[in-house]
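Me: Could you walk me through this one before I set anything up? I'd like to go through the helices, the packing and the charged pairs.

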Amino acid sequence: REMIRRFDGWSERAPLLMPLAAVLPADAHAELTRMVDEYWSAWLASEAGTGNRAKPAELERRLAAQLFRGELTAVHNAALRPLQQRLDRIYEVAEVTDEQRAVIREAVIAHVKSTRLRQDADARLALSRAILAVLDDTQKERILAAALAGF
């Protein structure tokens with residue numbers, strides 16, 4: 001809810017229609033707008049047909065929020081879930097303590113914030129060093145052995 005509240009244009013049912021007007025021919029933009037309007041009308045009618053008594057404006061706002069949540073989920077699944085899976089694998093392989101897990105997690109969060117997932121080799125190396133600094137020698141060996149498992 002907080003992200004939705006902070007995001008400009010979240011209540012718009014089709015926030016890309018205006019920017020697309022600049023790059024689409026007028027007839028193509030008109031057709032796209034017609035299709036979006038038709039889609040929304042059908043969705044609103046479908047929701048109203050289920051006994052939903054919300055006013056159309058409230059229903060449209062709720063459906064726009066639902067789309068926004070879906071987009072956030074898609075971004076998470078595409079960008080952050082793989083990162084979380086790799087992090088979980090590090091925790092598992094190294095057999096980290098709760099304290100180590102917390103420090104590593106904070107390092108990864110700082111990394112994501114600073115790189116916005118547009119990392120380069122230097123950023124990955126800095127994150128690797130931050131993670132390795134938390135691990136003892138045995139845990140480092142486990143990480144290296146896991147990394148070399150395919151050789």
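Reply: What follows goes through a long helix, the cores and the salt bridges of a model that is predicted.

Me: OK, start with α4: how many residues does it have, and how far does it reach?
Reply: Helix α4 has 39 residues, and the distance from its first C-alpha to its last is 54 Å, which is close to the 57 Å expected at 1.5 Å a residue.

Me: Where does α4 bend, and by how much?
Reply: The bend is at L80 and comes to about 45 degrees, with a proline, P82, following within four residues.

Me: And what comes right after the helix?
Reply: α4 is followed by E95, a residue whose phi is positive, near 55 degrees.

Me: Which residues of α4 are buried?
Reply: The buried residues of α4 are L59, L63, A64, A65, F68, L83, L87, Y91, V93 and A94. Several of these return in the cores, among them L83, L87, Y91 and A94, which belong to the largest nonpolar core.

Me: What else is in that largest core?
Reply: The core has 11 residues in all, and besides those just named it includes V96, I104, A107, V108, L127, I131 and L135. The elements giving two or more residues to this core are α4 (56-94), α5 (98-115) and α6 (121-132), and α4 gives the most, with four residues.

Me: What does L87 touch, leaving out its neighbours up to four places away in sequence?
Reply: With those left out, L87 touches I104 and V108. Both of these partners are members of the largest core, as L87 is.

Me: Which residues does the second core include?
Reply: The second core is separate and has eight residues, including W43, L44, L63 and A64. Of these, L63 and A64 are also listed among the buried residues of α4.

Me: Switching to charges, how many salt bridges are there?
Reply: The structure holds five salt bridges, and E31, R34 and E38 are linked in a network of them.

Me: What are the distances from R34 to E31 and to E38?
Reply: The side chains of R34 and E31 meet at 2.6 Å, N to O, and for R34 and E38 the closest N and O atoms are likewise 2.6 Å apart.

Me: Why would R34 face those partners along the helix?
Reply: R34 and E31 are three residues apart in helix α3 (residues 26-49), so they are separated by about one helical turn. R34 and E38 are four residues apart in α3, so about one helical turn separates them as well. In general, an α-helix has 3.6 residues a turn, so residues three or four places apart point the same way.

Me: Is R34 buried, partly exposed or exposed, and what about E31?
Reply: R34 counts as partly exposed because its relative accessibility is 38%, and E31, at 36%, counts as partly exposed too.

Me: What about R105, which residue does it pair with?
Reply: R105 forms a salt bridge with E106, the closest N and O atoms being 3.6 Å apart. R105 is partly exposed, with a relative accessible area of 44%, and E106 is partly exposed at 47%.

Me: Last one: where is W40, and is it buried or exposed?
Reply: W40 is found in helix α3 and is buried, with a relative accessible area of 2%. The C-alpha atoms of W40 and R89 are separated by 43 Å, the two residues being 49 apart along the chain.

Conventions. Residues are numbered from 1 along each chain as its sequence is written. This is a predicted model: local features need pLDDT of at least 70, side-chain atom pairs count only at pLDDT 80 or more; totals for chains, interfaces and linings use all residues. Side-chain values use heavy atoms; hydrogens and water are left out. A nonpolar core is a set of buried Ala, Val, Leu, Ile, Met, Phe, Trp, Tyr and Cys residues joined through side-chain atoms within 4.5 Å. Buried means under 20% relative accessible area, exposed over 50%, partly exposed in between (1.4 Å probe, protein chains only). Contact means heavy atoms within 4.5 Å. A salt bridge is a side-chain nitrogen of Lys or Arg within 4 Å of a carboxyl oxygen of Asp or Glu. The expected span of a helix is 1.5 Å times one less than its number of residues. The bend at a residue is the angle between axes fitted to the seven residues ending there and the seven starting there.
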